[in-house]
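Here is a short tour of a protein chain for someone who hasn't met it before. Take a look at the structure first, then read on.

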Amino acid sequence: METVTHSSPFDSFLDRMRNPASLDLVRSIKRIQEFFQTMEDAIRDHPLWASSSDDETDNALEGLEKYVMTKLHSRTFASTPEDVKIDAEISEKISLLQTFLRPQHLDIPSALQNEAAWLLAEKELKKINAFKAPRDKLLCIINCSRVINNLLLNASISEDHVPGGADDFLPVLIYVTIKANPPQLHSNLKSIQLYRRQSKLVSEAAYYLTNLVSAKSFILDLNAKSLSIEESEFMESMEAARLVNRVPQETVTTIDNRSKFGKLMDPGPSTLLHVKTQTNINGGSNYPYMEAEAGELTVGDVERLLSLYKDVVTKYTSLCNTVRHLSVSRTQT
């Protein structure tokens, strides 16, 4: 497997932030960090916290950060077209990799292949987009990473596996990230890096965050040379995944003011408006017939359903042929 580099879209972002044209953005980010620092000094000097312990003062500062960043979430999170684009690129790339990538492609030793532990780590990482505050997002990364670290520790004790440090940790984290496909990964990482109090981005938190940034970068740049896989097999697998994930369907949207499907009494063409959409196996499209009753369908709907059925069979047959061809190619090699 190719060595992971630390070049990433976030590095590109930092380069752009050094451009004089980004001065207004730099000032905004600095103002937020300066605000937190000013408020930290103010809280420590305030009579209400004069006799407070360091933990109590820190809790107040955490509450302040959460309150401010929750209020600013809509303006600071995935707030640029570029952020949205990168989020979509990562999600799409991962959805393709999920169909064929295996632990051996990342040179993960069998001693570290623990589905139960991986599932728990994935579950923690998937929570990241459910929170608005940088601290809460970071905790999801920390919890995920601790599960992986515990896995490595247990393997070194029970499996006589010699710990490899980051050489073991990062490939497992990459695999867990691909399995989890956390929503808006780029924007979540960027939010933590920019708006988490800098005094908190140290030690364990900084290490785990840096590794996930590296994992994201690795996934974005991933190709056959990045994995233990033949280039022809990688290309065929990616093409088959695209075919599965991008099956175009004709879906329909019901137009009726009385109900979702309405009481379609007209025996002629249905009052359904045909709309072309692009869907994938992860969902995201409308299936208006799924909740319909037989009595709500018209002759026009039956004709439409037959057309959709034929389209699905055609796509399925094409997919089977592709997968069969891929299997034969692998057997021959």
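## Two helices that cross

Let's start with a helix pair: the axes of helix α7 (residues 134-158) and helix α8 (residues 166-180) come within 10 Å of each other and cross at roughly 130°. An angle over 145° would count as roughly antiparallel, while 65° to 115° would be roughly perpendicular. The α7 and α8 pair is therefore called oblique. As for its hand, the crossing of α7 and α8 is right-handed. Keep in mind that this is a predicted model.

Which residues meet where α7 and α8 come together? From α7 there are C144, S145, I148, N149 and L152. Facing them from α8 are D168, F169, V172, L173 and V176.

F169, one of those α8 residues, is worth a stop. Is F169 buried or exposed? At 1% relative accessibility, F169 counts as buried, because the cut-off for buried is under 20%. Setting aside residues up to four places away in sequence, F169 touches S145, I148, N149 and L152, and its contacts also include Y207, Y208 and N211. The C-alpha atoms of F169 and L151 are separated by 9.5 Å, with their positions 18 residues apart along the chain.

## The chain as a whole

Stepping back, how many helices and strands does the protein chain have? There are 12 helices and 2 strands. Reading from the N terminus, the order is α-α-α-α-α-α-α-α-α-α-α-β-β-α. The protein chain has 333 residues, and buried ones make up 41% of them. Its exposed surface comes to about 19000 Å², with carbon and sulfur atoms supplying 55% of that. Now take the contacts between residues at least 6 apart in sequence: 77% of these join residues at least 24 apart.

## Cysteines without a bond

How many disulfides does the structure hold? The number is 0. C140 is in no disulfide, and the nearest cysteine sulfur, that of C144, is 9.3 Å away. C144 is likewise in no disulfide, its nearest cysteine sulfur being that of C140 at 9.3 Å. A disulfide needs the two sulfur atoms within 2.5 Å, so this pair does not make one. As for burial, C140 has 3% relative accessibility and counts as buried, and C144, at 1%, counts as buried too.

## Around the loop before α10

Next comes the loop between α9 (185-195) and α10, where L201 lies. R196 is found in the loop between α9 and α10 as well. L201 has 18% relative accessibility and counts as buried, and R196, at 4%, also counts as buried.

What does R196 touch, leaving aside neighbours within four places in sequence? Its contacts are Q33, E62, E65, P134, R135, L138, S191 and L201. L201, with residues up to four places away left out, touches L138, I192, Q193, R196, A206 and L209. So the two loop residues touch each other, and L138 appears among the contacts of R196 and of L201.

The table below gives C-alpha separations for three pairs.

| Pair | Apart along the chain | C-alpha separation |
|---|---|---|
| F169 and L151 | 18 residues | 9.5 Å |
| R196 and D136 | 60 residues | 9.8 Å |
| L201 and L138 | 63 residues | 9.4 Å |

## Helix α10 and its partner

Helix α10 (residues 203-221) contains S203. S203 has a positive phi of about 55° although it is not a glycine. Is S203 buried or exposed? At 64% relative accessibility, S203 counts as exposed. Another non-glycine residue with a positive phi is A78, with a value near 45°. A78 sits in the loop between α4 (73-76) and α5 (81-97).

That brings us to α5, whose axis comes within 9 Å of the axis of α10, the two crossing at roughly 70°. This makes α5 roughly perpendicular to α10. On the α5 side, the residues that meet α10 are I86, E89, I90, K93, I94 and L97. On the α10 side, K216, I219, L220 and D221 take part.

Conventions. Residues are numbered from 1 along each chain as its sequence is written. This is a predicted model: local features need pLDDT of at least 70, side-chain atom pairs count only at pLDDT 80 or more; totals for chains, interfaces and linings use all residues. Side-chain values use heavy atoms; hydrogens and water are left out. Helices (H or I, at least four residues) and strands (E, at least two) are DSSP runs, numbered from the N terminus. Buried means under 20% relative accessible area, exposed over 50%, partly exposed in between (1.4 Å probe, protein chains only). Contact means heavy atoms within 4.5 Å. Accessible areas come from the Shrake-Rupley method with a 1.4 Å probe; for residues, only the protein chains shown count as cover. Axes are lines fitted to C-alpha atoms, for helices over the stretch in contact, and angles run from 0 to 180 degrees between N-to-C directions. Angles under 35 degrees count as roughly parallel, over 145 as roughly antiparallel, 65 to 115 as roughly perpendicular and the rest as oblique. A crossing is left-handed if the near helix is turned anticlockwise from the far one by less than a right angle, and right-handed if clockwise.
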